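The following exercises are to be solved from the sequence and the coordinates. Each task is followed by a solution in steps.

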Amino acid sequence: MKTIRQITVLGSTGSIGESTLDVIARHPDRFQAFALTANHSVEKMLAQCQRFQPRFAVMLDTASAGQLADAIKAAGIRTEVLAGIESLEKVASLPEVDAVMAAIVGAAGIRPTFAAARTGKLVLLANKETLVMAGRIFMDLVKQHNATLLPIDSEHNAIYQSLPHHFNGNLVAAGISRILLTASGGPFRRAPLESLASVTPEQACAHPNWDMGQKISVDSATMMNKGLEVIEAHWLFEAPPEKIQVVIHPQSVIHSMVAYVDGSVIAQLGNPDMRTPIAHAMGFPERIESGVSALDMFKVAHLDFEEPDFKKFPCLKLAYQALAAGGNMPAVLNAANEIAVESFLKRHMPFTAIPVMIAHAMETVRQEEMATLDDVLKTDTLARDVARNWLANLQ
């Protein structure tokens, strides 16, 4: 008889969380939603609790937790409602939990993801900020507590699938020459450079291939999303920046590739649907059905590749610079980008100001090493303040 794996889904009402629950629903004999968490999406969380009957539901926002608790009680659901960041950490680290889907977007996801690693869980990592802001600290924590880390980003999951089974972090010993990180190029791949100053939030969020949240969609439009993934790949696969090459591939069929010294290039292909990497990681080392339709190669017909334009996408260049600088610079990059994207979405500044704000923060915050999670969070706060002050002066 198979043991049912108990899953905590951090960020269950977001796109990754919803896809995770879809995979869970397809395999009730394998998985059970133990805890679901969200920020303030009460209606979505109530519907998820009605369907999946988790032991816990956690709302980061206290007022939303109160609303959910009343709705849960009225519906007669036996789910316990908790609130706050400490409760997120709790449901990520309880002994009953086998695996944690870390899908909270932004710096808010770091603390519960750390809690999962600290208690030796299977960590299914979809939260970019954990590795971008605290890569060395987090990877050391994973090793120290014998946690298992599997990447959920479609690109990193594709790289993971394309690596040798015996890969231990040594690219040279594995005969790897480069990691090829594919990018769609976003909605402005063909847009003239001079047109970007008038881009609206609606245009930036209209991704040609993927259905994502607003923050990630804007990051894709600036290619900061790919820059953050370069930093993630550095920590996940112990690859130096010069060994990570971004390749624009507009069809989003090849999710990433690994090039070997013998001339071989191994790629993972599939339809652009996050349920594929989610199912791969949740079922690992077995393959399980994900609900994703089979790739029709005849319908795809052709695959195109381009070099990224750093003049059009300066955020990608800034990410490489932050990775090369090391220390607290990736955390500064990430924090300033979050403020920049939020400000753009609120129409407080133009699309082209996003990299300007980020560059200002990287030039203003003093570079230093970080040893603890507290160091990371302090850097995050400082960089956000610098970015907000820049915006205030702009206005």
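Helices (H or I, at least four residues) and strands (E, at least two) are DSSP runs, numbered from the N terminus. The model is predicted, so that local features need pLDDT of at least 70 and side-chain atom pairs count only at pLDDT 80 or more, while totals for chains, interfaces and linings use all residues. Residues are numbered from 1 along each chain as its sequence is written, and side-chain values use heavy atoms, with hydrogens and water left out.

**Exercise 1. Characterise the annotated C-terminal domain.**

Step 1. An unreviewed UniProt entry lists residues 269-385 as "domain: DXP reductoisomerase C-terminal"; UniProt positions are given in the numbering used here, feature names are shortened, and annotations may be inferred rather than shown by experiment.

Step 2. Residues 269-385 are 57% helix and 1% strand, and the C-alpha atoms at the two ends lie 41 Å apart.

**Exercise 2. Determine the strand order and the edges of the sheet that contains E8.**

Step 1. Two strands pair if DSSP finds at least two bridges between them. On this basis, 4 strands form an open sheet with mixed pairing, in the order E9-E8-E10-E11.

Step 2. Strand E9 (244-248) and strand E11 (265-269) each have a single partner strand and stand at the edges, so one side of each lacks a neighbour in the sheet.

Step 3. Strand E8 (residues 176-183) runs parallel to E9, with 5 bridges between them. Ile179 stands opposite Ile244, and Leu181 has Val246 as its bridge partner.

Step 4. The pairing of E8 with E10 is antiparallel and comprises 4 bridges, with Ile176 matched to Tyr260.

Step 5. Buried means under 20% relative accessible area, exposed over 50%, and partly exposed in between (1.4 Å probe, protein chains only). Because 6 of the 8 residues of E8 are buried, this strand is largely enclosed by the rest of the structure.

**Exercise 3. Locate Glu229 and list its contacts.**

Step 1. The unreviewed UniProt entry lists Glu229 under "binding site", together with residues including Lys128, Glu155, Ser220 and Lys226.

Step 2. Glu229 belongs to helix H10 (residues 224-237), and its relative accessibility of 1% makes it buried. Ser220 lies in helix H9 (residues 214-222) and is buried at 9%.

Step 3. Contact means heavy atoms within 4.5 Å. Not counting residues up to four places away in sequence, Glu229 touches Lys128, Asp153, Glu155, His156 and Leu181.

Step 4. A polar contact is a pair of N or O atoms within 3.5 Å; within protein, one must be able to donate a hydrogen and the other to accept it, and residues adjacent in sequence count only if both atoms are side-chain atoms. The side chains of Glu229 and Lys226 make such a contact at 2.6 Å.

**Exercise 4. Identify the residues that touch the most other members of the largest nonpolar core.**

Step 1. A nonpolar core is a set of buried Ala, Val, Leu, Ile, Met, Phe, Trp, Tyr and Cys residues joined through side-chain atoms within 4.5 Å.

Step 2. The largest such core has 99 residues, and Phe138, Leu333, Phe351, Ile354 and Ile358 touch the most other members. Helix H14 (residues 329-345) supplies the largest share of this core, 10 residues.

Step 3. Apart from this core lies another, of 36 residues, among them Ala65, Leu150, Met282 and Ile288.
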